[in-house]
Each structure stands twice: as structure tokens, then as C-alpha cells.
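Work through the exercises below with the model in view. Try each task before reading its solution.

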Amino acid sequence: MMRAHLFHHPSRMLAAGCLLVLSGCANEALHNQLASSREAVDQAKIAGAAETVPADFDLAVDKLNRANAAADHRRKDDAMRLAQQAQIDADLARARTDSAQSRFAAAEMAKSNQVLRDALSHANQNQPR
Amino acid sequence: MKHVIRWSTGVLAAGMVAAGCSTAPPAGNVAAANTAIGNAGQAIDQAAADPHVAKYANSELERATDSLGKAKAAWSKHDLAATTHQAYMAQHRAALAQELANERAAHDAIAVAATNRDHAVAMAMAERHAQPTVAIPGQMQEALPGFAFGTAKLPAKAKPAIAALASTLKENPGRPVVIEGHTDSVGSPEYNHALAMKRAEAVRAALVRSGVESSRITLRAEGEHNPVASNDTKAGRSENRRAEVIIPSMEAGTTAVGSSEGSTSATSSGGQNEQKGEQRGDQQNDQRGDKQGDRQDQQQDEQGVDDRHRE
């Protein structure tokens, strides 16, 4: 009854329509943000962030969960911010994982180079004459 | 009129109070915003100071700076939630920039290590392939003939051989060396013994100059006792006026070192004694002979080369 009364006036209908369009835009932006945050978390997981930097990874997952919860409760600003933070947290977790792995690889390579050099000079010195 | 003024002042005062209330945020919020913005600024400065960030993650750093700008703008409106959020984004984008740069730097290090490894392998292969010509097989002996008559000056044509010997010896650091000095049969045996020692010393000096440790070298004066050619001809005598560099075989070498140490000190001290006895008379002859000999030497060298060409 109340609702029907609300939309009787044309200007009110217009205003409501505008609100719907606006909130639709906002919903879409939030929806997209939540999707890319989810994607970032998934990529971090694939990179091995859960094992390499568990605290960073868990933070991203936690923020994504809270962002979804806030979206469910129509706290859009909170949801948007949490989702953005979840994305940067996930990106950082992934970058830290990648760089830790690269640094490990670089160190291993340097170590194996030393072993190789030692072995080669040893082999050359012990070569039968 | 008075009434109006009083009324308007009251409104003004109320407005000012209201404005004051809305512009002065709680002290806790100020501290939180300042800390958040401060931390973000610090993270950005730190990342900007890293040359790898400028090189590899500049766009991420720019986004961090952008977020910091948004945080400051939000705080100018005293929106604490937006301020801390944007500061958080700024700080973490700076950290991300740093981490991306670290990752690229590590990649560079891997590329360098790979190049170094290839280089090490290539060098070792080259060394290994080069070794058969360099390694000393068993005993090695090289004669350096052509000393000018009466002198211990190294013949010019011996220099390439000395250089080759020095490089071989340096690549075989474990091997001891014996240098023998020889003379032709002209002159007294004592004189020839001393001259032979000087010839050996001249070769040792040349090898040491080329980087061979003198501690590896043992000298022996053979004098005129071991000719390799007839002393009846000029060419034969030139062949006999020589030094010989001997690198004993490894097995013999190890035993020879022990035995040679005793015998060397005996020979060298004996040689020195003899030299002292002989030197006074000889040195003058030698020096004179040396200068004359230089010219003779060169002539002889050229002859020697010519002879070889003729052969």
C-alpha cells in the first residue's frame, strides 16, 4: 500500500529509477572488484603463496571473505574497500612468493656454480698426465 | 537595530561553533590518519630509493603515489575510513613495487649466474683440451744451446723456449726443475765448471723473471763432461755450450727431490767455492768477453738460424 503510494507521483518514480540505475552501477563496480579480488587470490594460491607466505595469503583470503560478507549485508563502501585491499594483499603475497622463489633459485644457482667450478678445477688438476 | 546586531552575532557564534565542531576531528582519528599517511609515505620513499624499483616497477610505484594523494585528499575531508583505506593501498602498492623489483633483480642474478656457469664450463673445457699440450708427460728435457764462447749470457734464440718452459712450469706447479749448465772442452775443467754453473744460473734467472718460483729450481754444473756434439768443430762446440732444463717424471721426481736436495746443496756450494776461486780471474775476461760476445752471439745466432734453414 505504502509502496504503491510512493510511485504514484511521476517525479518520485523518476527519482527511484535514477537511484536504481546508480545502485546498479555501484553494484556492478563492486561485483567486478570482488571478481578481480577473487582472481588475485586464486593466482596467489596457484603461485604457492599459501605455503611460502601463509600470513600474507591468509590476510588476503580473510579480507575477501569479509568483503563478500559486507556486500551481502549491503555495506557497499566497506565491501569495496575490503575487496580492493584483498586484491593488493593477494598481489603482494604472490609477488613475495615469486621473488622468494627467484631469490632461492639465484642462491642455488650461485651455490651450484661454485660446486661446478670446484669440480672442474679438481677434474682438470687430477687429469692423468 | 541593536537587537538585530545581537541576534546576528548569536547566529554567527553558533555557526562558528558548529563549523568548529565539524572541522576538528577527534584526536584519536588525527593520530590514526597521520600514522597511516606517514607509513604510506615512508614505504613509498623507501621503494623510490631502490634503483631496481625505478627500473622495473615504476608504474606500481606511481599507483602507490596516486593512492597516497587520495588518502591525503580524503583526510582533508576528515573521512578517516577513506583515508586509512587509501593509505593502506598506497603502502601496500609501494611494498608490491619493491617486491616486483626484488623479483626482477633475482631474475637478473639468475641470468648472470647462468652466464657465469657457461663461462666456467667453457673455460674448463678449453683448459682441459689445452692440457695435453701443456701437461708434462713423464720426464721433459729441453736443451738451450748456442751460448757465446766464454759467456753465460742467454742466447737470444733461447728466449721463446724459456717463455714456453715458464708457462708449462706455471701450469704444472707441482713439478721440480733441474737446470744443467754445460760448456765445450776449451779451457780448464775448473773454469768450465764455474762457467757451466753461471749458464744454469742465467736460465734460472730468466725462468724466475717469467714467474717460476726459484724454490722449485735446482742447479747443476756439468762443465765439459757431457757433450752432445763433437768439440772438434765450431758448430759442435756451439751445441755443447748449452743449458738443459730437465723436469723429472713425477715418480722419479718425488724421489729425486729428496736425494737432489742433498746433492744440490753439495754441488751448488761446491760450485760456488769453485766460482769464488775462479771468478777473480774470469770475471774480467767474462765481462770483456761478454760485450764482445754479444756481437759474436748475434752473429752466431744468425749463423745458427741460417744453418738450420740450410738443413
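The exercises go from the make-up of one chain to its sheet, and then to the contact between two chains. Keep in mind that this is a predicted model.

**Exercise 1. Take stock of chain B.**
Task: State how many helices and strands chain B has, and give their pattern along the sequence.

Solution.
- Step 1: Count the elements. Chain B has nine helices and four strands.
- Step 2: Read along the sequence. The pattern is α-α-α-α-α-β-α-β-α-β-α-β-α.
- Step 3: Check burial. Of the 311 residues in chain B, 33% are buried.
- Step 4: Look at the contacts in chain B with a separation of 6 or more. Residues 24 or more positions apart account for 79% of them.

**Exercise 2. Lay out the sheet.**
Task: Find the order of the strands in the sheet of chain B, and explain why one side of β1 and of β3 has no neighbour there.

Solution.
- Step 1: Write the order. It is β1-β4-β2-β3 in chain B, an open sheet of four strands with mixed pairing.
- Step 2: Go to the edges. In chain B, β1 (140-145) and β3 (217-223) stand there, and each has a single partner strand, so one side of each lacks a neighbour in the sheet.
- Step 3: Add the turn. Neighbouring strands of this sheet are turned by 20° against each other on average, direction ignored.

**Exercise 3. Follow β4 of chain B.**
Task: Describe how β4(B) pairs with β1(B) and with β2(B), and say how many of the residues of β4(B) are buried.

Solution.
- Step 1: Start with β1(B). Six bridges pair β1(B) with β4 (residues 242-247) of chain B, in the antiparallel sense.
- Step 2: Locate residues in this pair. B:Q141 is opposite B:I246 of β4(B). B:P145 has B:R242 as its bridge partner.
- Step 3: Turn to β2(B). Four bridges link β2(B) and β4(B), again running antiparallel. Here B:I179 has B:V245 of β4(B) as its bridge partner.
- Step 4: Judge the cover. Five of the six residues of β4(B) are buried, so the strand is mostly covered.

**Exercise 4. Place a helix on the sheet.**
Task: Name the strands that helix α7 of chain B lies across.

Solution.
- Step 1: Find α7 at residues 189-209 of chain B.
- Step 2: List the strands. Helix α7 lies across β1, β2 (177-182), β3 and β4 of chain B.
- Step 3: Give the angle. The helix runs at about 150° to β3(B).

**Exercise 5. Examine the interface.**
Task: Count the residues in contact between chains A and B, then sort the chain A side by class.

Solution.
- Step 1: Count. 24 residues of chain A contact 26 residues of chain B.
- Step 2: Sort. The chain A side has nine nonpolar, seven polar and eight charged residues.

Key
Residues numbered from 1 in each chain as written. Chains lettered and ligands numbered in written order. Predicted model: local features only at pLDDT ≥ 70, side-chain atom pairs only at ≥ 80, totals over all residues. Contact = placed C-beta atoms within 7 Å. Nonpolar A, V, L, I, M, F, W, Y, C, P; charged D, E, K, R; others polar. Pairing = 2+ DSSP bridges. Helix = DSSP H or I, 4+ residues; strand = E, 2+ residues; numbered from the N terminus. Axes fitted to C-alpha atoms, helices over the stretch in contact; angles between N-to-C directions. Buried ≥ 20, exposed ≤ 12 C-beta atoms within 10 Å, placed from the backbone.
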